[in-house]
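Visitor: I would love a close look at just one part of this protein. Could you pick a spot and walk me through it slowly?

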Amino acid sequence: MLKKTMICILIFISTLAFTSCAQKNEEYIEKSDFLLDTIVNIKIYNAPKEDEEIIDEAFTYIQELEDILSVHKEGSDLYNLKENAGIKPVKVTDYTMEVVKRSLFYSQKTGGSFDITAGPLINLWRIDPPDGYVPTADEIKAAQAYIDY
């Protein structure tokens, strides 16, 4: 759910970077890392080598977001929410509250096409290689009982 939001934001930023930097001069600085459960690749075209610290700052910020918003990272806000769902309240950062509020807004605006509560269904697939899994129709139906923003 929030992972999708973050991925959309990164795709948008990447699209801007790639389309605005599409020039004949192919000189660039670049770094990649595995964050937010995907490979994040940042390129800066026509930048001096010293500008690598800009990329480092971007990766630091993305890491901070992952530390707060990863549903898989023990101690993150979303991990704590998942572990305590239906058990007890969890204190979260203002940033997480804003992401949740916006996610609810888009869940309502799309009539559920984007649904912040889709986690139980998404988790059925256990996408992390090599443990991928295709759930049965009964498992999908059971998970859908918990999905409805």
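Guide: Here is a walk through the hairpin, with a little background on the whole chain to begin.

Keep in mind that this is a predicted model. The protein chain has six helices and two strands, and along the sequence they follow the pattern α-β-β-α-α-α-α-α. Of its 149 residues, 26% count as buried.

Now let's go to the two strands. Strand 1 covers residues 28-35 and strand 2 covers residues 38-45. They pair in the antiparallel sense, over eight bridges. To see one of these pairings for yourself, find D33 and look across to strand 2, where its bridge partner is V40. As you trace a strand, remember that in a regular strand the side chains alternate between the two faces of the sheet.

Next, look at the turn itself. The hairpin has two residues between the strands, and the loop there holds L36 and D37. Start with L36: its phi is positive, at about 55°, although L36 is not a glycine. D37 also has a positive phi, near 60°, and is likewise a residue other than glycine.

How well covered are these loop residues, L36 and D37? L36 has a relative accessible area of 13%, so it counts as buried, because the cut-off for that word is under 20%. D37 has a relative accessible area of 30%, so it is described as partly exposed. That label is for values between the buried cut-off and the exposed one, which is over 50%.

Terms used: Residues are numbered from 1 along each chain as its sequence is written. This is a predicted model: local features need pLDDT of at least 70, side-chain atom pairs count only at pLDDT 80 or more; totals for chains, interfaces and linings use all residues. Side-chain values use heavy atoms; hydrogens and water are left out. Helices (H or I, at least four residues) and strands (E, at least two) are DSSP runs, numbered from the N terminus. Buried means under 20% relative accessible area, exposed over 50%, partly exposed in between (1.4 Å probe, protein chains only). Two strands pair if DSSP finds at least two bridges between them.
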